[in-house]
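Subject: Structure for you to look at

Dear colleague,

Here is the structure I said I would pass on. Please have it open while you read the notes below it.

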Amino acid sequence: MVWEAYQRVKANKGAAGVDGQTIERFEQNLKGNLFKLWNHLSSGSYFPPPVKAVAIPKAGGKGARVLGVPTVADRIAQTVAAAYLEREVEPVFHPDSYGYRPGRSALDAVAVCRERCWRNDWVIDLDVRAFFDSVDHSLMLKAVARHTDQQWVLLYVRRWLQAPLQQQDGTLVARDRGTPQGSAISPVLANLFLHYAFDTWLTRTFPAVTFERYCDDAVIHCASEAQARQVRDALAQRLAAVGLELHPDKTRIVYCKDGTRRRNHKHTSFTFLGFTFRARKARGKNGRNFTSFLHAISNDALNKVSGEVRRWRLHLRTGHTLTELAHASNPIVRGWTGVLRRVLPHGAPIPSSSAATPTCCAGSARRTSGCTGPRTPGGAGTASPAVTPACSPTGSGTARPGDQGDKPPVSREAHAGICGSRGVQLPPATRPAITWHLQSQLAAPRTERSTA
């Protein structure tokens with residue numbers, strides 16, 4: 001099990017812990033390091049070192065989240081215990097729990113949430129305040145002891161929960177609550193804790209309501225506003241009994257407003273796992289448009305995508321052909337397209353090949369791939385028939401000149417399957433503002449440019 005755990009840790013490519021040892025340095029004496037770790041684990045003499053505290057900014061720039069980075073050896077030890085514990089607890093987990101479980105993903109939770117929003121008018125958008133910093137150690141150990149009789153698992157789980165946190169200045173902070181977010185064993189421990197604190201309690205107390213939970217992020221579906229208020233108040237008392245707290249500002253009751261549900265309410269949209277659910281335009285099977293309650297990429301997620309495209313700096317790469325730029329960006333674009341195919345309803349439009357290619361390729365890279373002549377109102381010149389760049393998400397096909405016009409061929413609404421929409425609209429900031437003099441210089445042959 002130690003060797004398998006090492007392979008998983010190596011595949012994840014984690015950062016160094018408090019000892020500064022990277023995976024490459026650990027592998028310099030791989031056999032000796034793994035044997036020493038196995039010897040300590042099997043004899044009960046393994047004591048985890050402090051966890052390195054790393055602060056990362058939260059989405060939207062509101063504060064920072066502290067992650068715990070264990071050492072390489074400690075991550076391998078945690079992976080051994082997590083793999084053993086996962087085999088014991090995975091069969092008993094609730095089917096509506098999706099976080100960090102084999103064969104399940106956030107996209108599965110989003111797809112189920114969309115369908116249940118169509119059948120239920122009200123949603124409780126939950127937010128547990130500082131979950132990973134508030135977990136009660138005694139209750140966590142009690143839950144672990146219920147599913148295993150191996151004393152070494154209980155011993156090391158207790159030691160990992162109590163391992164101190166080392167700050168940037170080297171000071172050690174003792175912990176009597178919480179589990180480090182970012183450690184290898186934290187996901188299975190968090191799921192086990194919330195299985196009893198949330199899943200089984202909600203199923204037993206309110207069997208008529210349904211939910212989707214991804215670790216500490218959850219959505220509850222209710223039939224009426226009165227039921228939603230009752231569930232929210234009872235859940236707040238339940239979480240307080242186990243040492244947790246609902247965030248008073250971020251926990252909201254949302255009305256799933258659409259074309260047939262037209263009541264007025266303070267909150268008619270919510271964001272779950274990077275997707276914003278609200279009333280959106282859709283097309284029925286008969287080809288007629290209507291308003292449905294659907295999901296699309298959230299503003300925070302769209303900003304991340306836009307920032308990634310801006311970091312490519314495609315408008316400055318005038319020395320590369322469009323084919324070279326497409327080969328560099330296709331793996332990322334292919335991943336985005338794969339997400340669309342998973343979350344869109346069956347039969348919804350998928351972004352076309354040329355629409356998925358960043359529009360900034362139409363500015364700078366088009367000059368180096370055979371596109372000549374002045375810019376037309378459609379946004380492109382005359383393409384050379386000898387050049388057929390592979391600019392589709394799958395690495396084949398050619399760009400259609402008409403797709404690079406002033407009107408973006410893609411919009412965010414493609415995530416919700418909106419009629420007439422063809423993908424994700426890329427930020428205008430990525431479109432280069434090139435003067436006509438520079439355009440003519442880029443369009444000229446390389447020999448002429450070098451002479452000039």
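Ser183 is buried, with a relative accessible area of 8%. This is a predicted model, and that applies to everything below. Ser183 sits in the loop that runs between β5 and α9. Leaving aside neighbours within four places in sequence, Ser183 is in contact with Gly68, Pro70 and Gln78. The C-alpha atom of Ser183 is also 7.0 Å from that of Arg75, although the two positions lie 108 residues apart along the chain.

For the chain as a whole, the secondary structure comes to 15 helices and 13 strands. There are 452 residues, of which 46% count as buried. Among contacts with a separation of 6 or more, 66% are between residues 24 or more positions apart.

Sheets

One open sheet has 4 strands in the order β2-β1-β4-β5, with mixed pairing. The edges are β2 (64-69) and β5 (172-173); each has a single partner strand, so one side of each is left without a neighbour in the sheet. Strand β4 (residues 165-166) is joined to β5 by 2 bridges, and the two run antiparallel. Within that pair, Leu165 stands opposite Val173 of β5.

Another open sheet of 4 strands follows the order β6-β7-β3-β8, and here the pairing is antiparallel. The edge positions belong to β6 (210-214) and β8 (252-255), each with a single partner strand, so one side of each has no neighbour in the sheet. On average, neighbouring strands of this sheet are turned by 20° against each other, direction ignored. Helix α5 (residues 106-119) packs on this sheet and touches β3, β6 and β7. The direction of α5 makes about 160° with that of β6.

Inside this sheet, strand β3 (residues 122-125) pairs with strand β7 (residues 217-222) in the antiparallel sense over 4 bridges. Trp122 is found opposite Cys222 of β7. In the loop between α5 and β3 lies Asn120, which is buried at a relative accessible area of 16%. Not counting residues up to four places away in sequence, Asn120 touches Thr210, His221, Cys222, Ala223, Cys256 and Arg261.

Hairpins

Further along, strand β9 (residues 270-272) pairs with strand β10 (residues 275-283) in the antiparallel sense, over 3 bridges. Phe270 has Phe277 of β10 as its bridge partner. The hairpin of β9 and β10 has 2 residues between the strands, and Leu273 takes a positive phi near 55° there.

β10 also pairs with strand β11 (residues 289-297), again in the antiparallel sense and over 9 bridges. Ala282 of this pair stands opposite Phe290 in β11. The hairpin formed by β10 and β11 has 5 residues between the strands, and Gly287 in the turn has a positive phi of about 85°.

Helix packing

Helix α7 (residues 137-147) and helix α9 (residues 186-205) pack at an angle of about 95°, with 10 Å between their axes. Angles of 65 to 115 degrees count as roughly perpendicular, and α7 and α9 are therefore roughly perpendicular to each other. From α7, the contact is made by Leu139, Met140, Ala143, Val144, Arg146 and His147. The residues of α9 in the contact are Leu189, Ala190, Leu192, Phe193 and Tyr196. By type, the residues of this contact divide into 9 nonpolar, 1 polar and 1 charged.

Cysteines

How many disulfides are there? The count comes to 0 disulfides. A disulfide needs a pair of cysteine sulfur atoms within 2.5 Å. For Cys117, the closest cysteine sulfur is that of Cys113 at 4.0 Å, which is too far for a bond. Cys117 is buried, with a relative accessible area of 0%. Cys215 counts as buried as well, at 3% relative accessibility.

Regards

Methods:
Residues are numbered from 1 along each chain as its sequence is written. This is a predicted model: local features need pLDDT of at least 70, side-chain atom pairs count only at pLDDT 80 or more; totals for chains, interfaces and linings use all residues. Side-chain values use heavy atoms; hydrogens and water are left out. Buried means under 20% relative accessible area, exposed over 50%, partly exposed in between (1.4 Å probe, protein chains only). Axes are lines fitted to C-alpha atoms, for helices over the stretch in contact, and angles run from 0 to 180 degrees between N-to-C directions. Angles under 35 degrees count as roughly parallel, over 145 as roughly antiparallel, 65 to 115 as roughly perpendicular and the rest as oblique. Contact means heavy atoms within 4.5 Å. Ala, Val, Leu, Ile, Met, Phe, Trp, Tyr, Cys and Pro count as nonpolar, Asp, Glu, Lys and Arg as charged, and the others, Gly among them, as polar. Two strands pair if DSSP finds at least two bridges between them.
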